[in-house]
Amino acid sequence: MAYQTRHPAVHPTVIAWISIGSNLDLPVAQVRQALESLATVPESTLLWHSHLYQTAPVGGVPQPAFINAVARLQTALPDRDLLSHLQMLEAAAGRRRAEEIYWGPRVLDLDLLSYGSTHSTDPKLTLPHPRLHERAFVLVPLAEFDPELIIPGCGCIARHLSAVAGQSVICIPDHAPEMDVYQSRSVQA
């Protein structure tokens with residue numbers, strides 16, 4: 001799925017992968033709106049996005065299931081500027097980080113999974129995302145793009161799928177309305 005950017009890139013570009021998640025305030029609509037918002041990121045083009053998936057929350061906090069997707073963005077923004085823009089989109093959707101429970105429910109969560117071949121251990125922006133290879137809600141949508149996709153620092157996506165085979169991931173039909181629960185299905189390795 002190709003999108004046009006409203007802001008032409010003036011610097012060299014990189015491919016950034018972004019994870020999108022929501023489990024509050026009509027999460028299907030939140031994720032769809034986030035995808036539309038990503039198409040407006042300055043100096044960037046939204047190149048592709050996955051289907052939406054319903055997934056079980058991680059971290060042990062009791063909460064509703066999440067709706068997740070991933071997006072592929074070509075961007076000329078520096079990694080920290082892109083992260084700041086993602087956080088502005090979260091805030092515009094109603095996310096209030098200061099009021100949240102760690103690994104708790106989210107109106108919108110936009111995680112920068114990778115940014116070109118950048119490796120960073122900075123606590124404010126660790127790249128690639130330190131747990132992306134452990135999360136079916138990230139790996140399954142990435143594998144939808146290309147199971148042989150290589151994430152710098154993580155390797156091939158297909159290599160990690162068997163480790164998350166027990167995590168529930170349910171593909172949501174295109175144009176599906178808000179629903180409470182979709183038929184459960186585990187990841188197939």
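Me: Ala, Val, Leu, Ile, Met, Phe, Trp, Tyr, Cys and Pro count as nonpolar, Asp, Glu, Lys and Arg as charged, and the others as polar. With that in hand, how many residues of each class line the largest pocket?

Reply: This is a predicted model. In it, the lining of the largest pocket has 18 nonpolar, 9 polar and 9 charged residues.

Me: Which residues sit closest to the centre of that pocket?

Reply: Trp103, Asp109, Asp111, His129 and Arg131, out of 36 lining residues. Trp is on the nonpolar list, while Asp and Arg are on the charged one. The pocket's volume is about 850 Å³.

Me: Which element gives the largest share of the lining?

Reply: Strand 5, with 5 residues. Strand 5 runs over 109–115. Other elements supply at least two residues each, among them helix 2 (79–92) and helix 3 (136–145).

Me: Why is His160 called buried?

Reply: Its relative accessible area is 10%. Buried means under 20%. So His160 is buried. His160 lies in helix 4, residues 157–161.

Me: What makes the link from His160 to Cys154 a polar contact?

Reply: The side chain of His160 reaches the backbone oxygen of Cys154 at 2.6 Å. The cut-off for a polar contact is 3.5 Å. The distance therefore falls within the limit. His160 also touches His133 and Leu139.

Me: How confident is the predictor in the chain?

Reply: The pLDDT averages 86, and 86% of the residues score at least 70. Over residues 180–189 it is below 50, on a scale from 0 to 100. That stretch still has 30 contacts in the model beyond near neighbours in sequence.

Key
Residues numbered from 1 in each chain as written. Predicted model: local features only at pLDDT ≥ 70, side-chain atom pairs only at ≥ 80, totals over all residues. Heavy atoms only, no water. 1 Å grid on protein atoms, 1.4 Å probe; cavity = no way out; pocket = protein on both sides within 12 Å on 5 of 7 lines; lining within 4 Å. Points joined across faces, edges and corners; volume = space filled by probe spheres on them. Helix = DSSP H or I, 4+ residues; strand = E, 2+ residues; numbered from the N terminus. Contact = heavy atoms within 4.5 Å. Buried < 20%, exposed > 50% of the residue type's maximum accessible area, 1.4 Å probe, protein only. Polar contact = N/O pair within 3.5 Å; in protein donor to acceptor, adjacent residues only side chain to side chain. Lists of a residue's contacts leave out its neighbours within four places in sequence.
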